[in-house]
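User: I am a first-year student, and I should like a formal account of one part of the protein displayed below. Please connect that part to its surroundings and explain each term as it arises.

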Amino acid sequence: MDELILGFRHCGSIIYCFQLPQLCPICKNVVSFTCDTPFRLPYPFVKAHQHPLSIVLKSTKGTFLEHYSCNEDLHIGITDCKGKVYEYDSDGLKKSNGEEWLQSIVVYEKSEEWSYDWSHALRSVASDPKWRSENYDEQTLNCFSFVTEFLTNLNCVETKKEQFCEEFVYKKIVSLNKYITVHRNIVKDGYCNIKN
Ligand SMILES: [Zn+2]
């Protein structure tokens with residue numbers, strides 16, 4: 001389990017840390033948490049297998065917190081009604097229990113009433129023989145192609161990668177980048193401060 005991030009206000013900054021300190025790391029004065037209630041920075045990650053009927057994103061290599069860099073492409077997959085993860089990459093289409101998806105974010109999801117349609121669309125798209133490893137192409141046939149084709153099938157409206165990212169992915173990535181930056185600074189310096 002990753003450590004949770006706590007924040008509190010002091011001497012004109014918001015200070016983030018894993019454990020509340022007795023002395024403020026900036027001004028070195030004693031911190032009184034009775035007047036400045038600490039808060040928790042919402043943890044953005046989920047375990048994909050606990051989120052059925054979802055489109056999930058992960059860092060292509062390793063985890064978001066440790067390995068992701070902002071200009072890197074992300075890997076995207078689909079969970080079925082039982083939380084199994086379907087993904088297409090250079091090894092071809094794979095289905096797993098989500099062992100590699102323990103630090104993911106959900107960018108799109110449907111409620112349980114969609115179970116039948118979701119399963120039907122997923123079966124139909126996954127059965128297309130084109131998702132073989134030899135057809136994989138980083139630019140033209142990749143993990144996003146699999147997901148957008150699935151969404152097109154599910155919603156009966158053509159979904160394009162740019163439009164999908166614009167609507168569902170980019171906003172999430174902005175707040176995610178903030179969380180990752182704060183987390184890495186705490187790991188490095190013991191705290192992270194952002195001017196109020
Ligand atoms: Zn202070």
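What distance separates the centres of domain 1 and domain 2, taken over C-alpha atoms? Please then look closely at helix H4 (residues 161-189): on which strands does H4 pack, and where is its kink centred?

Analyst: The centres of domain 1 and domain 2, taken over C-alpha atoms, are 36 Å apart. Please note that this is a predicted model, in which local features need pLDDT of at least 70 and side-chain atom pairs count only at pLDDT 80 or more, whereas totals for chains, interfaces and linings use all residues. Residues are numbered from 1 along each chain as its sequence is written.

Domain 1 consists of 6-43 together with 178-195, while domain 2 covers 48-159; the bounds come from an automatic or database domain assignment. The C-alpha trace of the protein spans about 65 × 35 × 30 Å along its principal axes. In the protein there are 4 helices and 9 strands (DSSP runs numbered from the N terminus: H or I of at least four residues for helices, E of at least two for strands). Read from the N terminus, these elements follow the order β-β-β-β-α-β-β-β-β-α-α-α-β.

The first surroundings to consider are those in domain 2. Here S7-S6-S5-S4-S8 is the order of an open sheet of 5 strands with antiparallel pairing (two strands pair if DSSP finds at least two bridges between them). Strand S7 (92-96) and strand S8 (105-109) are its edge strands, each pairing on one side only. On average, neighbouring strands of this sheet are turned by 30° against each other, direction ignored. The antiparallel pair S6 and S7 is joined over 5 bridges, and Asp89 stands opposite Gly92 in S7. On this sheet packs H4, which touches S4 and S8 and whose direction makes about 155° with that of S8. Contact here requires C-beta atoms, placed from the backbone, within 7 Å; axes are lines fitted to C-alpha atoms, for helices over the stretch in contact, with angles from 0 to 180 degrees between N-to-C directions.

The second sheet is open and has 4 strands in the order S3-S1-S2-S9, with antiparallel pairing. Its edge strands, pairing on one side only, are strand S3 (39-40) and strand S9 (192-195). Strand S1 (residues 6-10) pairs with S3 in the antiparallel sense over 2 bridges, and the bridge partner of Gly7 in S3 is Phe39. H4 packs on this sheet as well, touching strand S2 (13-17) and S9, and its direction makes about 130° with that of S9.

Along H4 itself there is a kink of about 45°, centred on Val169 (the bend at a residue is the angle between axes fitted to the seven residues ending there and the seven starting there). Ile180, Val182 and His183 are the buried residues of H4 (20 or more other C-beta atoms, placed from the backbone, within 10 Å of the residue's own; exposed means 12 or fewer, and partly exposed lies in between). These buried residues pack against S2, helix H1 (64-67) and S9. For the protein as a whole, 24% of the 196 residues count as buried.

The stretches on either side of H4 deserve attention too. Just after H4, Gly190 takes a positive phi of about 90°. In the loop between helix H3 (143-155) and H4 lies Cys156, which is not a glycine and yet has a positive phi, near 55°. Most residues other than glycine have a negative phi. Cys156 counts as exposed because 9 other C-beta atoms lie within 10 Å. A further positive phi, near 65°, belongs to Lys28, which is placed in the loop between S2 and S3. Lys28 also counts as exposed, since 8 C-beta neighbours lie inside 10 Å.

Helix H3 has buried residues that include Phe144, Val147, Phe150, Leu151 and Leu154. The partners against which the buried residues of H3 pack are strand S4 (54-59), strand S5 (74-79), strand S6 (85-89), helix H2 (115-126) and H4. The 13 residues of H3 should span 18 Å at 1.5 Å a residue, and the end C-alpha atoms are 19 Å apart, which agrees; the expected span is 1.5 Å times one less than the number of residues.

In summary, H4 touches S4 and S8 of one sheet and S2 and S9 of the other, with its kink centred on Val169.

Technical notes. Two residues are in contact if their C-beta atoms, placed from the backbone, lie within 7 Å.
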